[in-house]
Amino acid sequence: MILLPTAEGTLEPYEPGPPAAWPLPPGPPRSRVVYAAAHVVADPLGDNTPGAPARVDWEATLRFRRHLWSYGMRVADAMDTAQRNTGLDWPATRELIRRTAAEAARFGDPAELVACGAGTDHAPRAATCEEVLKAYGEQVETVQAAGARVILMASRQLAAVARTPGDYHAVYGRLLAEVDRPAILHWLGEMFDPSLAGYWGSRDLDAATDALLTLVHEHAGRVDGVKVSLLDAEREVRLRAALPAGVRLYTGDDFDYSPLIESGSDALLGVFDPIAPVASAALQALDGGDAARYRELLEPTVPLSRKLFETPTYHYKTGIVFLAWVAGHQDAFTMVGGAQSARSIVHLSEVFRLAGRAGLLPDPGLAQARMRALLATAGVAA
């Protein structure tokens, strides 16, 4: 038993149940294409204070990607979950892309196993659409040289300089004309990054959706899919139905992913980083036509995900790295940019409870020992 803080300012006893057994699947899911957006493991001996260059534990970072592949997940790397724009600078990102793709080549085609974010974060002073386009091109070249699929990330710099949907169409159209294989487009809502408000040329989401659809229809042969993170399930279903044949809708909805995947969305999700073993088993059930079993397995993870992604949503990475630590995937709860401080001990205690209930603590003894150590640093006698 361990005493965990509550939102009411009390301590509540909690004892994780026995670990669930999540066998490795025979292969990737057949009925859906599924990416787990993966976190990076900070070097615990590196100076990862806010504003310092990122120092990454490369072996632990790659080991976690092997864990995801072993459960049939593709890896979406160098994305928001890997702390792009929140600590992971471009030199570290470039190295992450290179190392992950090289590691993937040991197991198969990197373009099938890994998709990596190409953005403009290395050019914060880009002041025109042409400068944004050049910055995008540099990162696209890095991803393609590594052998991974390109994800065209939503750009803070483009959001700042674009004035109309036509500006977005001009930049993305030229990028899509040059990619070496169909790319994934990325629409990240402002709850994940307030700097992206008004993306696609309008703060009106209906108008923004129309602008995106126009772009995709004009370049359908160059678009593998669209990753949507708006936390609006009804809008996502409508958008999915309006996409051209052969273009996937990758749900990025970490609140309603269970019914969205069941009803036809593919997935590119940050929450699949910590819940990969459960998600893998659920997707196997879906492959076999057993929707009831799929829901039975996946739906207990939804309260955990909603807690991880609660407002302010962009701090969800802290809970994901915390879970990797208590689950034994890494040896330290540290993050680049010092982001381990972004969530309270009360928040992390509830994440711990919900992870135990979902069967995501493979070694309860280790998990409790690490949780006790964290509580001690917060002055809580557990």
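**Reading a fold, from chain to residue**

Guide: Welcome! In the protein chain, 70% of the contacts between residues at least 6 apart in sequence join residues at least 24 apart. Keep in mind that this is a predicted model.

Visitor: Which helices and strands should I look for, and how many are there of each?

Guide: The protein chain has 15 helices and 10 strands.

Visitor: How do I read the radius of gyration of the protein chain?

Guide: Set it beside the value for a compact globule. For 382 residues that value would be near 21 Å, and the protein chain has 20 Å, so the two agree. Along the principal axes, the C-alpha atoms fill a box of roughly 60 × 50 × 45 Å.

Visitor: What share of the residues is buried?

Guide: A residue is called buried when its relative accessible area is under 20%. Here, buried residues make up 57% of the 382. The area that the chain exposes is about 14700 Å², with 52% of it supplied by carbon and sulfur atoms.

Visitor: Let's try one residue. Where is Q83 found?

Guide: Look in the loop between strand 4 (74-77) and helix 2 (90-104).

Visitor: Is Q83 buried or exposed?

Guide: Compare its value with the cut-off of under 20%. Q83 has a relative accessible area of 2%, so it is buried.

Visitor: What does Q83 touch, leaving out residues up to four places away in sequence?

Guide: Its partners are V40, L88, K317, M335, V336 and A339. With V336 there is a polar detail to find: a polar atom of the Q83 side chain lies 2.9 Å from the backbone oxygen of V336.

Notes. Residues are numbered from 1 along each chain as its sequence is written. This is a predicted model: local features need pLDDT of at least 70, side-chain atom pairs count only at pLDDT 80 or more; totals for chains, interfaces and linings use all residues. Side-chain values use heavy atoms; hydrogens and water are left out. Helices (H or I, at least four residues) and strands (E, at least two) are DSSP runs, numbered from the N terminus. Buried means under 20% relative accessible area, exposed over 50%, partly exposed in between (1.4 Å probe, protein chains only). A polar contact is a pair of N or O atoms within 3.5 Å; within protein, one must be able to donate a hydrogen and the other to accept it, and residues adjacent in sequence count only if both atoms are side-chain atoms. Contact means heavy atoms within 4.5 Å. The radius of gyration is taken over C-alpha atoms; the globule rule is 2.2 Å times the number of residues to the power 0.38. Accessible areas come from the Shrake-Rupley method with a 1.4 Å probe; for residues, only the protein chains shown count as cover.
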